[in-house]
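Reader: Hello! I am new to this structure and would love a close look at one part of it, with the parts around it explained along the way. Could you pick a starting point and lead me on from there?

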Amino acid sequence: MPSVRPDLRATALRLAYDDRIVVDGLDLAIPTGKVTAIVGANACGKSTLLRALARLLTPKGGAVHLDGRDVHAIPTRVLAQRLGILPQSPVAPEGLTVIDLVGRGRSPHQTWWRQWSAADEEAVHEALRATALTGLAHRAVDELSGGQRQRAWIAMAVAQGTPVMLLDEPTTYLDLAHQIDVLDLVADLNRQQGRTVVMVLHDLNQAARYADHLVAMKAGRIAAEGDPADVVTAELVEDVFGLRCVIGQCPVSGMPLVVPIGRHHAETDAVPVSGTTTG
Ligand SMILES: Nc1ncnc2c1ncn2[C@@H]1O[C@H](COP(=O)(O)OP(=O)(O)OP(=O)(O)O)[C@@H](O)[C@H]1O
Ligand SMILES: [Mg+2]
């Protein structure tokens, strides 16, 4: 990883599609070297925010700064060496193989005089290994299952090797075991390589367990942010998702565990957990 630690922040951000404002007056400093999870109801503006952080969307007001510079003033290749994004529903060109997709993650590191190096080769193979895709390397991306395809895109973002990774719902389409694989991989990239990660997640329990910093969005604004242990409360879940829940404690991580109540149960139906006695 480059020695300069990234600094990513949004100030007074206003984002809109045509004249429909989706995010307004949003201030956010992404903690460097940490994993940040963004949660919130459908259509609250999570992807819009992530796209603006990656300069895929031009703000109507305010700005996004990376390393002290407005992202719109940073040359594209320099930006792509510092920040990578996995969009929510990426589409690969027809027939493109997994290894070629992952190889595209290396293009910001290439120049006209040095097109492909041993370091690129190693980064691609390491990303394929980390996402358990080595055996699928020569298959066409558009012929994979939803979960395999999702992992191929994650592999591309991994191969890009940027100090900042923005991942929009990286666990979508994945079975539970592969969800945990991806989240563990994200934790490895963070802990072993010091990468700063921002990911949109829908599973609050996974967000609480894997994020150092949690951002809960509601209608284009930040409803709460901070340590997941403090942020994830029954009041917040009710406020942000309109969902009544009981907060327990995750028996593995000790973090808050969100248990929705639903219409067919009452809070008083809660049964004590058995078989988890510790003494
Ligand atoms: N390309 C677009 N053009 C016009 N409106 C858009 C576009 N993309 C998103 N929107 C609108 O902006 C709002 C926020 O969308 P966004 O995709 O940021 O939500 P989200 O929080 O990521 O939701 P989800 O959890 O469903 O992915 C929604 O009302 C959506 O309809
Ligand atoms: Mg989204």
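**A guided look, starting from one residue**

Author: Let us begin with L79, which is buried, because 20 other C-beta atoms lie within 10 Å of its own and 20 is enough to count as buried. Please keep in mind that this is a predicted model. L79 belongs to helix 2, which runs over residues 76-82. Leaving aside residues up to four places away in sequence, L79 touches R55, V71 and I74. R55 is a helpful partner to follow: 24 residues separate L79 and R55 along the chain, and their C-alpha atoms are 9.0 Å apart.

R55 leads us to helix 1, since this residue follows that helix and has a positive phi, near 65°. What is the setting of helix 1, mostly covered or mostly open? Helix 1 is mostly covered, with six of its eight residues buried. The buried ones are K46, T48, L49, L50, A52 and L53.

Helix 1 covers residues 46-53 and also has a part in the surroundings of ligand 1: with three residues, it gives the most to the shell around that ligand. Y17, V22, G40, N42, A43, C44, G45, K46, S47, T48 and Q88 are the residues around ligand 1. Two of these names may look familiar, as K46 and T48 are also among the buried residues of helix 1. Sorted by class, the shell holds six polar residues, four nonpolar ones and one charged residue.

Y17, from the shell, lets us step to a turn in the chain. Strand 1 covers residues 8-17 and strand 2 covers residues 20-30, with D18 in the loop between them. D18 is not a glycine, yet its phi is positive, at about 50°. D18 counts as exposed because it has 5 C-beta neighbours inside 10 Å, and 12 or fewer is the limit for that class.

Now we can move along to helix 6. On the way there we meet Y173, in the loop between strand 7 (164-168) and helix 6. Y173 also has a positive phi without being a glycine, in this case near 75°. Y173 is partly exposed, with 15 other C-beta atoms within 10 Å.

Helix 6 itself spans residues 176-193 and has 18 residues. From its first C-alpha to its last it reaches 25 Å, close to the 26 Å expected at 1.5 Å a residue. Which residues of helix 6 are buried? They include V182, L183, V186 and L189. These residues cover an arc of only 110° around the axis, which means that they sit on the same side of helix 6. A general point helps here: an α-helix has 3.6 residues a turn, so residues three or four places apart point the same way.

The other face of helix 6, turned away from the buried side, carries the exposed residues L176, A177, D184, R191 and Q192. On the buried side, the cover includes strand 3 (35-40), helix 5 (146-160), strand 8 (196-200) and helix 7 (204-210). Another residue to look at in helix 6 is I180. I180 counts as partly exposed because it has 15 C-beta neighbours inside 10 Å. In sequence, I180 and Y210 are 30 residues apart, while their C-alpha atoms are 9.8 Å apart in space. Just after helix 6 comes G194, with a positive phi of about 70°.

Helix 5, one of the elements covering helix 6, is our next stop. Helix 5 has 15 residues and reaches 22 Å from its first C-alpha to its last, close to the 21 Å expected at 1.5 Å a residue. Twelve of those 15 residues are buried, so helix 5 is largely enclosed by the rest of the structure. Among the buried ones are R149, R151, W153, I154, M156 and V158. What do the buried residues of helix 5 pack against? They pack against strand 6 (83-86), helix 3 (98-104), helix 4 (118-130), strand 7 and helix 6. After helix 5 comes G161, whose phi is positive, near 65°.

To finish, here is the wider frame. An unreviewed UniProt entry places the feature "domain: ABC transporter" at residues 8-244. That span is 37% helix and 26% strand, and its end C-alpha atoms lie 34 Å apart.

Note on methods:
Residues numbered from 1 in each chain as written. Chains lettered and ligands numbered in written order. Predicted model: local features only at pLDDT ≥ 70, side-chain atom pairs only at ≥ 80, totals over all residues. Near = placed C-beta within 6 Å. Helix = DSSP H or I, 4+ residues; strand = E, 2+ residues; numbered from the N terminus. Nonpolar A, V, L, I, M, F, W, Y, C, P; charged D, E, K, R; others polar. UniProt positions renumbered as here; feature names shortened; annotations may be inferred. Expected span 1.5 Å × (residues − 1). Arc of directions from axis to C-beta. Contact = placed C-beta atoms within 7 Å.
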